[in-house]
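Biologist: Please take me through this model one question at a time.

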Amino acid sequence: MSAPTVREGRVGRRDDTRLALLFILPASIGLVVFYFWPLLRGIWLSFTSWDLLSPAEFVGLDNYRAMAADPVFWNAVRVTLLYVVINIGLQTVVALVIAVLMQRLSRSTLLRSLVLAPYLVSNVVAALVFLWILDYQLGIGNQVLEWIGLERIGFFTSEAWAIPTIAVVNVWRHMGYTALLIFAGLQAIPSTTYEAARVDGASEVRTFFGITLPLLRPILGLVLIISVIGSFQVFDTVAVTTNGGPVDASRVLQLYIYDKAFGQFDFGYASALSVAMLLILVVVTFFQYRMTRAGQTDLN
Amino acid sequence: MTETTTAPAAPTTVGVPDVQRAAAPRRRRRRPSLGRVLAWVVMILLLLVTLFPFYWMLRTALSSNGALYANSTSLLPVDFSWGGFERVFGLQSTEEAIAQGGSGASIDFWLYLRNSVVVATVVTACQVFFSAMAAYAFSRLRWRGRDAVFGVFLLSLMVPVIFTLLPNFILVRELGLIDTLLGIMLPGLFMTPFAIFFLRQFFMNVSTEVEEAALIDGASKVRVFFAIIIPMSVGPIATIAILTYIGSWNDYFWPLMVSYTDDSRVLTVALGNFNAQTPQTGPDWAGLMAATLVAALPMILLFLVFARRIVNSIGFSGIK
């Protein structure tokens, strides 16, 4: 992967250090100023008390102690986890279905484009459209529920439904993208393995569970890691639709961080919450990587 | 690497039906037909779920807001009207807007549209160009410490962007760039580790022969970059540029932090604002959906032009 494959001839033998430094200069500024420096600064700020106006004051572990005793924080962790489980569970299954159907039915660019369409609009657009479709009074979604004889649901206004609804909205936006990732993984499975199964008379279902799924595992692992990391960071949809409500029913971690920083100007505490988020992401990634063995392939 | 790795895979998968046909001609014709019909039914249902919200957006945007309350289920626009769009572009007087269900607050989506175009265009151009420069240094130039420095760049892939937003906001504030377009653009101007990684893969595979010929002719390495590497990598550069553009256009959280007034308001933030301002009892759904459509339309148009490239660019080969 990182092996220097460029085999340069006699002409290229000279040393390009000065030119190279010039060429990586802009990117290096971006790297240091907007990746590494904020990383260090964010961690440092989590040990301070700071309202942006007076100078930051070092308070040791106070923020973390407050966090451990903060019910809203723990609620935010719980709500975020609930969101991730629903979002990722549903999204992975639907995307897998779409990908397999696409592979079996048609490889047309048109079909794949249609499937991908929701991914092109922003989270805010997706949120607003569903706010309207699922409106309690006028939303077509609730009208349909009534037609088929069910009760109307306060999708964004009831404590029980807020998180599942937001999770589904984001499934809508991302399922096509995830399906295309999985679809790309399906293409990498050699057709000879399928032929062997067919000669043995294996059914579609058996082929799927016996061949497709196991061979797809590394790709599925990577898809999961990427989408779970993204899922934990949910903010846009919540901010636009429920803004954390009703009560704290949909106050996800990232929204709580935003509230603390920009609502209450408690940048120290908000930074400590961010560090908690960072740690969660690191731990989740690590365990997922181990569990799905995403780095290894069975295709050899 | 997307195109180079998925392309060879295509013939093998296409080959499956042929083998099937030869091995089991009867089964191919009878059994899959029912399964295939069923599969198509499921696929079409999924497509309906995928596409219905787009249609509903359009249908609502072209309705009169008042009429929506009387007839919320009609599949066609109710009492057809451009009123929603007129409110979105600030073409209605305050009284008129309030009479039709708007908030009456001044909104001008031309301005937000312009801001979004400026931000997405400048970010894409700078980010892709600077990333390409770095990718060139990491793939085709010879210098000591190259792989070590590249490793450091790879490390930044591990830093979740969301963690950097709060400290970056503080930095942008210290630079006095709050509520400016430059403030919104700044963190994204220089590079993303993914773009560098992605482009480096392609640059490494550009044939060295042309480059050597040019060098013998006395061309400099800078010239090789502009006259050979970039033209020969137009495809991947376009791919990463389109993806960057879409991402930048759709970004909400960061501009929400930085922007406070119309001067720097981009479409996503303006939409959120529009929604927050609309009357709580009896929202201006027609206006909201018109605004939503205005925000989504440029990306849909971009997609219509570049669908094939975008669709084919999605895969894992760029990362792995």
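The questions below go from confidence to domains, the chain contact, two helices and single residues.

Modeller: This is a predicted model, in which local features need pLDDT of at least 70, side-chain atom pairs count only at pLDDT 80 or more, and totals for chains, interfaces and linings use all residues. Residues are numbered from 1 along each chain as its sequence is written, while chains are lettered from A and ligands numbered from 1 in the order in which they are written.

Biologist: What is the mean pLDDT of chain A, and over which residues is the pLDDT below 50?

Modeller: pLDDT is the predictor's confidence in each residue, from 0 to 100. In chain A, 93% of the residues reach 70 or more, and the mean is 88. Where pLDDT is low, the predicted coordinates should not be read in detail. In chain A the stretch with pLDDT below 50 is residues 1-12.

Biologist: How many contacts does that stretch have in the model, beyond near neighbours in sequence?

Modeller: Two residues are in contact if their C-beta atoms, placed from the backbone, lie within 7 Å. Beyond near neighbours in sequence, the number for residues 1-12 of chain A is 20.

Biologist: Into which domains is chain A divided, and how many residues of each are in contact?

Modeller: Domain bounds come from an automatic or database domain assignment, which here gives domain 1 (15-62) and domain 2 (68-292). Their C-alpha centres lie 31 Å apart. The contact between them takes ten residues of domain 1 of chain A and eight residues of domain 2 of chain A.

Biologist: Which element gives the most to the side of domain 1 of chain A that touches domain 2 of chain A?

Modeller: Helices (H or I, at least four residues) and strands (E, at least two) are DSSP runs, numbered from the N terminus. At least two residues of that side come from each of α1 (17-45) and β1 (48-49) of chain A. With three residues, the element that gives the most is α1(A).

Biologist: How many residues does each chain bring to the contact between chain A and chain B, and how do those of chain A divide into nonpolar, polar and charged?

Modeller: Chain A brings 86 residues and chain B brings 87 residues. On the chain A side, α1(A) gives the most, with 17 residues. Ala, Val, Leu, Ile, Met, Phe, Trp, Tyr, Cys and Pro count as nonpolar, Asp, Glu, Lys and Arg as charged, and the others, Gly among them, as polar. By that scheme the chain A side has 55 nonpolar, 20 polar and eleven charged residues.

Biologist: What does the secondary structure of chain B come to?

Modeller: Chain B has 320 residues, of which 42% count as buried (20 or more other C-beta atoms within 10 Å of the residue's own; exposed means 12 or fewer, partly exposed in between, with C-beta atoms placed from the backbone). Its secondary structure comes to 17 helices and zero strands.

Biologist: Where is the kink in α7(A) centred?

Modeller: Helix α7 of chain A covers residues 159-187 and reaches 42 Å from its first C-alpha to its last, close to the 42 Å expected at 1.5 Å a residue, where the expected span is 1.5 Å times one less than the number of residues. Of its 29 residues, 22 are buried. The bend at a residue is the angle between axes fitted to the seven residues ending there and the seven starting there. The kink in α7(A) is about 45°, and its centre is A:His174.

Biologist: What covers the buried residues of α11(A)?

Modeller: Helix α11 of chain A (residues 253-263) has eight of its eleven residues buried, among them A:Leu253, A:Tyr256 and A:Lys260. The cover includes α3 (71-105), α10 (236-241) and α12 (267-292) of chain A, together with, from chain B, α9 (161-174).

Biologist: Which residues does the cis peptide bond join?

Modeller: A:Pro246 is in the loop between α10 and α11 of chain A, and A:Val247 is found in that loop too. A:Val247 has a positive phi of about 50° although it is not a glycine. The cis bond has an omega of about -10° and joins A:Gly245 and A:Pro246.

Biologist: Why does A:Phe265 count as buried or exposed?

Modeller: A:Phe265 is found in the loop between α11 and α12 of chain A, and has a positive phi of about 50° although it is not a glycine. Because A:Phe265 has 12 C-beta neighbours inside 10 Å, it counts as exposed.
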